[in-house]
Structure formats: structure tokens, C-alpha cells
Amino acid sequence: MNNRFKNTSVWVPLALAVALVGGMWIGKSFLNNSGKWDSKAKLETILGIIDSNYVDDIDPDSLLEASLPGLLSRLDPHSVYIPAKDLQGVNEELVGSFSGIGISFNLLNDTINVLEVISGGPSEKVGLLPGDRIVSINDTVVSGMGWSDVKVRSSLRGAKGTIVKLGIKRPTAKKLLSFDVTRGDIPVTSIDASYIISPGVGYIKINKFGASTYSEFLNSMVALIAEGAEKFVIDLRGNGGGFMEPAVLMANEFLPSGSPIVSMKGKTTRDDSPTLSDGSGSFRDVELVVLIDEISASASEIFAGAIQDNDRGLVIGRRSFGKGLVQNQMELPDSSALRLTIARYYTPSGRCIQKTYAPGTDYDRDIINRYEHGEFYNADSIKLNKDLAFTTLHGRTVYGGGGIMPDVFVPNDTAGVTSYYINVLNAGLIQKYTFDYSDKNRQQLEAGKTVEEILRILPDDDMLLEDFVAYAKKNGVTPRWALINISRDLIVNSLKAMIARNVLGVSGYFEVVNETDPTVIKAVEEITTGNASFPISAPEVKSENGNLSQNRHHFNMGRHWIDFSIAMGMA
């Protein structure tokens with residue numbers, strides 16, 4: 001017999017015996033004292049076997065790092081792992097400040113466009129202006145190089161006191177301008193707009209619930225009251241949430257003493273924290289409307305739910321996202337972090353508005369599914385779980401298990417949307433045109449200090465539209481006047497809003513678009529006719545463990561939703 005086969009006949013039984021013994025040893029190592037499999041030991045053993053026997057060299061730590069997101073995704077959609085390299089950037093969106101150059105920007109045509117220069121910030125001090133294009137950073141060309149928003153932010157942000165050199169293209173300058181900007185502390189603001197929208201009615205647009213949101217909100221309320229506001233519209237559309245505390249504190253400002261705001265129930269009683277208003281609120285008697293949509297989530301739903309369930313104001317818009325899970329962020333020794341769901345929160349009526357994430361549910365497509373089922377356009381298309389019916393303070397029926405249904409439904413506005421409008425929008429021509437127009441007419445436009453003054457400076461609607469259509473034609477979109485006339489008001493309003501934003505900042509944008517926004521128009525109509533006025537008395541409730549001063553922890557949302565006409569970054 002061939003020696004090769006002789007050797008094989010000897011080694012096969014031996015290999016099987018070794019494998020059997022090894023398997024018995026491995027199996028035994030998985031057992032704890034009670035005879036059950038020890039999952040921790042199992043994981044360590046598997047990683048050890050891979051490290052010792054896998055055909056290629058691998059780093060067990062990197063293998064574990066890559067597996068953690070998948071592990072947490074099996075729990076719920078909002079428990080997440082944050083690698084150490086991403087933690088600082090994730091936290092900066094909510095903590096209230098970061099160190100950078102003090103601008104908001106967007107990427108258009110692969111170019112960094114300065115949208116806003118923060119007052120008093122480092123960039124303003126050296127002379128940067130809205131409309132400037134950043135073409136190089138520290139002598140590295142960035143324009144046309146395919147940089148992402150994340151890469152731009154990381155390059156412009158940095159340690160306080162460090163210098164970043166910027167190459168700036170400015171329409172009024174023939175040569176490239178150079179600025180050395182010393183990075184400094186930049187506040188992260190939560191209020192996009194705050195102004196008198198109608199006689200006696202104040203409007204506040206809140207984009208997130210961060211560390212500074214409550215103080216910004218109070219300052220806006222006080223300023224609007226000084227301008228004559230007696231009724232208020234709080235716009236939480238597109239607000240994906242953030243910290244729970246500012247939402248609770250804001251709700252407290254509108255509620256009489258003893259009103260329930262929110263409660264939490266977790267695995268242990270330490271996570272249970274019913275919260276009641278303490279009666280110290282400054283705005284307990286004002287009429288209130290809250291605006292929500294399908295992106296309003298988490299802390300936004302806590303605030304809206306507290307107002308709705310206490311019959312304290314009117315909720316208008318479309319059904320909210322449906323996030324009723326509370327996350328606590330726990331930093332690990334290697335500076336990574338877990339945002340782990342530790343509890344469910346419940347609105348004052350007792351409902352948990354978390355939508356289902358059961359196996360087989362396409363959680364990430366829920367918003368798309370709502371759109372496809374017609375929910376954005378018809379309230380009758382909304383599927384409410386009638387088995388989860390609850391009652392507000394004064395007896396109205398509300399439902400849990402899938403977001404907050406507004407008291408007044410306003411469908412998504414599609415008026416004026418034609419294929420021509422979609423073509424110019426998809427090509428970015430509205431943004432490009434308004435940037436170019438603002439550049440060419442900046443000196444004249446900057447003479448306007450308010451939205452009203454800016455709009456008076458602009459040409460009449462017909463001239464503005466014709467100029468834009470000619471611009472779009474030069475950029476490849478053929479005029480189709482039958483469609484253009486249908487989209488006329490939508491296009492003109494968008495152009496005006498973008499120009500106002502380029503000159504006055506984000507607030508100018510909202511002041512223009514709100515003039516034709518059906519949800520805002522409905523809110524002003526309801527509040528001015530008195531329909532937002534509810535009985536606001538509530539029974540005094542004494543509680544030893546549910547008052548506002550206790551359990552003030554920060555809980556972070558696991559997913560950040562953004563709803564901007566143009567995605568913006570801050571640096």
C-alpha cells in the first residue's frame with residue numbers, strides 16, 4: 001500500500017479523536033456552574049479559536065468592533081454602538097457647543113458654500129461673508145474633490161486656538177482670497193426661527209432638543225412677548241428629538257401644577273420616573289399650537305403628547321414618527337459608547353407611542369410605506385390601533401402604538417409640483433440660481449435688514465420667474481410654460497426664500513416659506529379663531545417621587561432625523 005495512504009489511515013482517526021476531545025473541552029468551557037451554556041465564555045472561546053486557527057491573520061478586537069452594531073440591532077432600532085472615533089462628532093450635535101470657525105455651509109456643485117457666518121464667531125472676525133466659496137483648506141484644494149459633509153466638518157473643526165487657513169472665492173474679488181481663522185467655541189443652536197407671524201401670534205421653529213434648547217426657547221418666548229405675542233405656534237416638524245430634559249422643562253412652562261408630563265418604565269424601578277409639572281411655568285395661560293409631522297420623534301413626541309393629553313393646546317400636522325423608547329448613553333473605557341434602550345416612555349394618558357419593530361417589520365421603510373399608502377395625503381389612510389385607546393384629561397380619545405395623531409390633520413402639500421419643477425429641483429438649479437443672484441446683487445440686498453425689506457428689493461414675481469427660467473434653460477432644462485405656470489407660485493416662493501436665507505440666515509428662509517405653508521396657515525387660523533383654547537385647569541396632585549425636580553437625566557435618541565430643504569452643516 002502506498003505510504004501516503006498508510007499515513008492517512010493513521011492520521012484520520014487521530015485527527016477525529018483530537019477534534020472530539022477539543023469539542024468536549026470547548027463544550028465544557030461553555031457551561032457555567034448550573035450546567036447552562038455560558039454565552040460570555042462562548043464568545044471569548046470563539047474569538048480565541050479564530051485568533052489561533054484562522055487561515056489569515058486577523059485582529060480579534062476589530063472583529064468584535066465590527067460585530068457590535070449587528071449585535072445591538074437585534075435588540076431594537078435605537079440601541080446603537082458608537083465607535084470612539086465617532087463619539088465626539090455625535091455628541092457635538094446636542095451638547096451645545098464645539099470648537100470651529102463659526103459658519104453654516106452646504107455642498108453644492110462639489111463646492112463648499114458659506115450659508116451663514118455666526119455673529120461674533122471666528123469667521124466673522126476675519127471677514128468671511130455669506131456666499132463665500134471655500135476652495136482650499138490648509139492649502140489643500142477641496143473644491144471639486146468629492147469631499148463629504150463629514151470630511152468638511154472634521155477639517156474645519158478642531159481644537160480651540162488652532163488656526164485653519166482658508167482659500168476663498170468671492171464673486172466681488174478677482175483673485176482668490178486667503179484667511180487665517182483661529183478656531184473658537186461655537187454654540188450649537190436649536191432655534192431656526194422666532195418671529196411674530198401674525199398680530200399677537202409668535203412662531204418658534206425648533207430643530208432639535210439639545211443642551212441649550214430650553215434656554216433658547218425661554219429667550220425666544222420672552223422676546224416675542226415683548227413684541228406683543230399672546231399666542232404661540234411651536235413648530236416641531238422635522239425635529240427628530242434629542243435630550244428628554246428640555247422637552248419636559250418646556251412642557252412644564254405651559255402646564256398647571258400637578259399635570260403629568262411623561263413617565264418611564266424600565267427593567268428596574270430605578271428607570272421608572274413619573275414626572276409632574278411643578279406649577280412654576282411662565283406661560284400657563286397662553287394659547288398654544290404644536291406642529292408635528294412624520295419626522296417629529298422622541299423628545300418632540302414627549303412635548304406634543306404632554307400638550308395633547310392634558311388638553312392644553314392643539315396639535316396640527318401629520319402623524320409623528322412613533323419613538324417611545326428611551327436611551328441612556330454609557331461611555332466605555334476605550335472612549336466608545338453604547339446608547340442602550342433602558343425604558344419605554346408613556347404620555348400622560350398612559351399610551352406608549354412606540355411603533356412596532358417586531359421581527360419581519362421593515363422599520364426603516366416605515367416612513368416610505370406611509371407615503372406609498374397615502375397617509376401623507378388622507379387621514380383616512382392612517383391605520384390606528386383601536387385596541388390601544390386612551391383618554392385625555394377632558395375625555396378625548398387618543399391612540400398608542402404608532403406615533404401621535406394630530407388633532408387637526410393637514411395633508412402634505414403638492415400644489416404646484418410638476419415635472420418641470422421636479423427637474424429644476426433635482427438639478428439643484430433653484431439653489432444655484434439664488435446663490436448666483438445673491439452674489440451679483442449682494443450690496444443692494446444687504447441694505448435690507450428684514451425679510452420685508454429684502455422682498456421689496458427683489459424684482460416683481462414675473463421678472464424673477466422669467467430670469468430663473470432663462471437661467472434654467474442655459475443649464476439644460478427646456479422651458480415648458482404650461483407646466484411653469486402651474487408651478488409659478490411654488491418656484492417664486494422658493495426663490496425668494498433661498499435669497500432671504502442667503503442674506504439673513506435660516507430664519508429668513510422660514511419667514512418666507514411659512515407665508516404659503518398650509519400647515520402654518522392652518523395653525524394661525526385655528527389659534528386666531530380661538531380653537532386652540534382648551535380648559536387648562538388640572539387637579540392638584542401631590543407626589544413624593546414624581547415632581548419636576550427629580551430624575552433629570554439626559555437620554556439620547558438613537559437615530560437623528562433631518563428635514564431640511566438643503567442639508568446644512570456647521571463648522
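1. In this predicted model, helix 13, which spans residues 442-445, contains L445. The residue is buried, its relative accessible area being 1%, and buried here means under 20%.

2. The surroundings of L445 draw on several parts of the chain. Apart from neighbours within four places in sequence, L445 is in contact with Y437, S438, I454, I457, L458, I499 and V503. A further relation links L445 to A500: the two lie 55 residues apart along the chain, yet 8.9 Å separates their C-alpha atoms.

3. Two of the residues that touch L445, Y437 and S438, also take part in the packing of helix 12 (residues 429-440) against helix 17. The axes of these helices are 9 Å apart and meet at an angle of about 50°. Helix 12 is therefore oblique to helix 17, and their crossing is right-handed.

4. Which residues form this contact between helix 12 and helix 17? Helix 12 supplies I430, Q431, Y433, T434, F435, Y437 and S438, while helix 17 supplies S494, L495, M498, I499, R501 and N502. Sorted by class, the contact of helix 12 with helix 17 comprises seven nonpolar, five polar and one charged residues.

5. The largest nonpolar core of the model has 50 residues. Within this core, the residues with the most contacts are Y203, V289, I316, Y420, V424 and F468. Helix 17 (residues 488-504) makes the greatest contribution, giving eight residues. In soluble globular proteins, nonpolar side chains tend to be buried together.

6. F468 merits separate mention. With neighbours within four places in sequence set aside, F468 is in contact with Y420, V424, L429, I430, Y433, I491 and L495. Of these partners, Y420 and V424 are themselves listed among the core residues with the most contacts, and I430, Y433 and L495 belong to the contact of helix 12 with helix 17. A second core, separate from the largest one, has 39 residues and includes I191, A229, I307 and I353.

7. Another helix pair lies earlier in the chain: helix 2 (residues 39-53) and helix 3 (residues 60-73). Their axes come within 10 Å and cross at roughly 130°. Helix 2 and helix 3 are therefore oblique to each other, and helix 2 passes helix 3 in a right-handed crossing.

8. What does this second pair bring together? From helix 2, L43, L47, I50 and D51 meet P60, L63 and L64 of helix 3. By class, the contact of helix 2 with helix 3 has six nonpolar residues, no polar residues and one charged residue.

How values were computed: Residues are numbered from 1 along each chain as its sequence is written. This is a predicted model: local features need pLDDT of at least 70, side-chain atom pairs count only at pLDDT 80 or more; totals for chains, interfaces and linings use all residues. Side-chain values use heavy atoms; hydrogens and water are left out. Axes are lines fitted to C-alpha atoms, for helices over the stretch in contact, and angles run from 0 to 180 degrees between N-to-C directions. Helices (H or I, at least four residues) and strands (E, at least two) are DSSP runs, numbered from the N terminus. Angles under 35 degrees count as roughly parallel, over 145 as roughly antiparallel, 65 to 115 as roughly perpendicular and the rest as oblique. A crossing is left-handed if the near helix is turned anticlockwise from the far one by less than a right angle, and right-handed if clockwise. Contact means heavy atoms within 4.5 Å. Ala, Val, Leu, Ile, Met, Phe, Trp, Tyr, Cys and Pro count as nonpolar, Asp, Glu, Lys and Arg as charged, and the others, Gly among them, as polar. A nonpolar core is a set of buried Ala, Val, Leu, Ile, Met, Phe, Trp, Tyr and Cys residues joined through side-chain atoms within 4.5 Å. Buried means under 20% relative accessible area, exposed over 50%, partly exposed in between (1.4 Å probe, protein chains only).
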